[in-house]
Amino acid sequence: MFIKQLSVFLENKEGRLDEVLKILSSGGIDILSVSLADTSEYGVLRMIAKEPDRARTLLKDAGFTARIDEVIAVVVPDAVGSLQKVIYKLHEADINISYIYGLSIDGKGAPIAIRASEPERAAEILKRENVKTLTTEDLDNL
Amino acid sequence: MIWNEAKECMSRDEIESLQSARLVKVVNKVYHNVEYYRKKMQAAGVEPGDIRGVEDIDKLPFTTYEDLNATYPFGLAAVPRSELVRVHASSGTTGKPKIGVYTRRDIDIWAECVARCLSMAGITRDDIIQIGYGYGLFTGGLGAHYGAEYLGALVIPMSTGNTKKLIDMMIDCEATAIACTPSYLLHVAEDLERDGLINKIKLKTAICGAEPWTDEMRDQMESRLHIKAYDIYGLTEICGPGVACDCEYHKGLHIWEDNFLPEIIDPATLQHLPHGSSGELVITNLTKEGMPLIRYRTKDLTSLKYDKCDCGRTMARIQRFVGRSDDMLIIRGVNVFPSQVEAALLTVEGTTPHYMMIVDRIGNDDTLEVQVEVAENIFTDEVKSLEKLSLEVHNRLKTAIGLNAKVKLVEPNGLEHFDGKSKHVIDRRKLYA
């Protein structure tokens with residue numbers, strides 16, 4: 001249910017994103033999905049990648065601030081209203097969602113990553129609701 | 001006009017003999033009334049009897065911010081508490097503020113010093129003067145106020161923070177003079193121009209201080225506002241504004257040598273330097289009762305000229321300030337030390353001592369940007385947490401230094417390359433040009 005997410009702090013300066021991607025590609029890191037949260041002065045680049053810990057070390061060695069967090073990966077069925085159903089279950093349990101983004105992974109349904117205020121409880125609720133989720137192994141096997 | 005010709009135009013011999021008599025008196029006074037000074041002098045192996053005149057000044061130990069911090073608040077007071085009537089303070093490097101305490105006579109002498117300065121700028125009892133310095137612990141507001149009242153001018157105590165009202169009253173009351181920081185006056189000029197009010201004002205004179213400024217700024221003020229602008233110098237520890245001021249010849253700031261004994265030292269070797277040398281300005285209070293400072297290191301770098309000025313005054317002239325021997329910055333007239341910023345950052349959990357202060361002047365306003373490195377221990381994947389951190393840093397800085405700084409979060413390796421006067425400061429203003 002949980003997958004590892006790599007986040008990197010980026011100043012809004014020309015070429016910083018390119019620099020991060022260059023480091024990862026030359027290190028042979030396979031990036032599965034990206035999402036960039038931007039403010040006027042900086043951004044937080046969030047990625048789902050294979051070998052996230054090694055990816056973090058590569059970035060750290062190059063002077064970037066990077067961290068690993070666990071996010072919930074669920075597969076939302078291809079049907080109208082199904083995303084809302086997932087979100088509603090969390091809302092009903094008073095769990096806040098910091099952010100959410102789509103994972104570009106082929107297959108049936110629409111995979112998304114969710115950062116919730118109480119990850120463990122959120123995961124339990126979703127399990128109870130039989131929401132299809134993804135694990136690190138699922139990603140490794142892609 | 002010369003306010004006190006008997007003093008301001010004394011011959012060099014007369015000045016030195018007056019200074020010598022007053023130096024002997026003040027040294028005796030602090031030796032007997034201030035334990036801290038007595039111990040300092042004893043440690044330096046000097047007794048009051050060794051000081052027979054100004055030629056013995058270099059036998060005395062210096063006084064620095066560290067001494068003020070160690071004796072805060074009243075440890076250097078040389079009179080009983082009941083004789084003190086006022087406290088002023090400005091920010092210190094770390095620790096405690098720099099404090100000054102005054103007797104009633106100190107306030108009078110200070111007021112006369114300011115009156116001499118105003119008079120030097122051509123201001124008289126017929127003038128209407130707006131005081132645009134902050135009133136409070138800062139010496140600017142009350143110092144200029146008392147001086148202007150002493151002179152007999154009509155004083156409008158504007159204080160700071162409301163430019164619109166200042167302009168309204170400048171026009172309505174037909175103010176002829178203003179005392180404020182030079183950058184603020186240029187800001188006022190901009191607003192007057194924007195609103196087409198330049199020909200509505202009756203301003204003739206500005207007396208500007210609390211921060212260093214350049215001839216270019218004077219040219220701007222004078223041509224845009226059709227006024228004459230004068231530079232006034234002072235520091236809280238010595239008394240406040242009015243220690244020195246420039247006359248219509250703009251050949252340096254006349255320092256009131258009957259009250260303040262100036263000297264120049266080499267900030268590295270601490271040697272007293274002969275007349276005409278460049279170095280750090282050191283001042284001894286000759287007449288202050290409340291808290292006279294002996295050989296106080298101002299950290300301002302300059303030189304002194306002793307020849308008679310075309311204006312008729314003989315009082316030595318402080319030449320252009322070329323910088324500071326410490327890392328103090330003056331931003332919007334507020335004294336700021338990088339160490340204060342560092343201390344404030346350390347109160348925010350997780351922030352590293354890796355920071356950079358970028359000081360600039362945009363238009364006529366000083367700006368301060370504080371760049372804080374986002375190290376691993378403060379980085380999160382959630383933008384709201386980072387924004388909260390920025391806000392907290394901003395608020396802590398506001399409390400510590402009294403300025404609204406722009407806080408910018410930066411990548412950790414971004415702060416390695418620097419130039420400027422300290423590794424934590426880039427000052428893009430050209431104040432000492």
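Asn285(B) is in contact, beyond its neighbours within four places in sequence, with Val26(B), Glu237(B), Ile238(B), Asn259(B), Phe260(B), Met291(B), Pro292(B) and Leu293(B). This is a predicted model, and Asn285(B) is a friendly place to start reading it. From there the tour moves to Asp231(B), the cysteines, the salt bridges and the contact between chain B and chain A.

**Asn285(B) and its surroundings**

- Asn285(B) belongs to strand S11 of chain B, which covers residues 278-285.
- With a relative accessibility of 2%, Asn285(B) counts as buried.
- One of its contacts, Ile238(B), also offers a backbone oxygen that the side chain of Asn285(B) reaches at 3.1 Å.

**Asp231(B) and its surroundings**

- Strand S7 of chain B, residues 228-235, holds Asp231(B).
- Is Asp231(B) buried or exposed? Its relative accessible area is 15%, so Asp231(B) is buried, the cut-off being under 20%.
- Setting aside residues up to four places away in sequence, Asp231(B) touches Cys208(B), Trp213(B), Arg218(B), Ala244(B), Cys245(B), Asp246(B) and Leu253(B).
- Cys208(B) and Asp231(B) are 23 residues apart along the chain, and their C-alpha atoms are separated by 5.1 Å.
- Trp213(B) meets Asp231(B) through a polar contact between the two side chains, at 2.9 Å.

**Cysteines**

- How many disulfides does a search of the whole structure find? The count over all chains is 0.
- For Cys113(B), the nearest cysteine sulfur belongs to Cys239(B) and is 5.8 Å away. A disulfide needs two cysteine sulfur atoms within 2.5 Å, so this pair does not qualify.
- Cys113(B) counts as buried, at 1% relative accessibility.
- For Cys311(B), the nearest cysteine sulfur is that of Cys309(B), at 3.6 Å, and Cys311(B) is likewise in no disulfide.
- Cys311(B) is also classed as buried, with 13% relative accessibility.

**Salt bridges within the chains**

- Over all chains, the structure holds 46 salt bridges.
- Arg105(B) pairs with Glu289(B), their closest N and O atoms lying 3.3 Å apart. Arg105(B) sits in helix H5 of chain B (residues 104-120) and Glu289(B) in the loop between S11 and strand S12 (296-305) of chain B, so this salt bridge ties together parts that are 184 residues apart in sequence.
- Arg105(B) is partly exposed, having a relative accessible area of 40%.
- Another salt bridge joins the side chains of Arg361(B) and Glu211(B), at 4.0 Å from N to O. Here, too, distant parts of the chain are linked: Arg361(B) is in strand S17 (residues 355-362) of chain B, while Glu211(B) is in the loop between strand S6 (205-209) and helix H9 (215-225) of chain B, 150 residues apart.
- Both Arg361(B) and Glu211(B) are buried.
- In chain A, Asp69(A) forms a salt bridge with Arg67(A), with 2.8 Å between the closest N and O atoms.
- Asp69(A) is buried, with a relative accessible area of 8%, whereas Arg67(A) counts as partly exposed at 25%.

**Where chain B meets chain A**

- The contact involves 25 residues of chain A and 19 residues of chain B.
- The area buried between the two chains is about 1900 Å², and carbon and sulfur atoms give 50% of it.
- Which three residues supply more than any others of the area that chain B buries against chain A? They are Phe379(B), Asp381(B) and Glu411(B), which supply 40% of that area.
- The interface of chain B and chain A has 6 salt bridges. Lys406(B) forms a salt bridge with Glu41(A), in which the closest N and O atoms are 2.8 Å apart.
- There are also 11 residue pairs in polar contact across the interface.
- Helix H11 (383-401) and strand S19 (406-410) of chain B are the elements that give two or more residues to the side of chain B touching chain A. The largest share of that side, 5 residues, comes from S19(B).
- By class, the side of chain B that touches chain A has 9 nonpolar, 8 charged and 2 polar residues.
- A network of salt bridges links Arg67(A), Asp69(A), Arg115(A), Asp381(B), Glu382(B) and Lys384(B).

Notes
Residues numbered from 1 in each chain as written. Chains lettered and ligands numbered in written order. Predicted model: local features only at pLDDT ≥ 70, side-chain atom pairs only at ≥ 80, totals over all residues. Heavy atoms only, no water. Contact = heavy atoms within 4.5 Å. Buried area = accessible area lost by both parts, 1.4 Å probe. Polar contact = N/O pair within 3.5 Å; in protein donor to acceptor, adjacent residues only side chain to side chain. Helix = DSSP H or I, 4+ residues; strand = E, 2+ residues; numbered from the N terminus. Nonpolar A, V, L, I, M, F, W, Y, C, P; charged D, E, K, R; others polar. Buried < 20%, exposed > 50% of the residue type's maximum accessible area, 1.4 Å probe, protein only.
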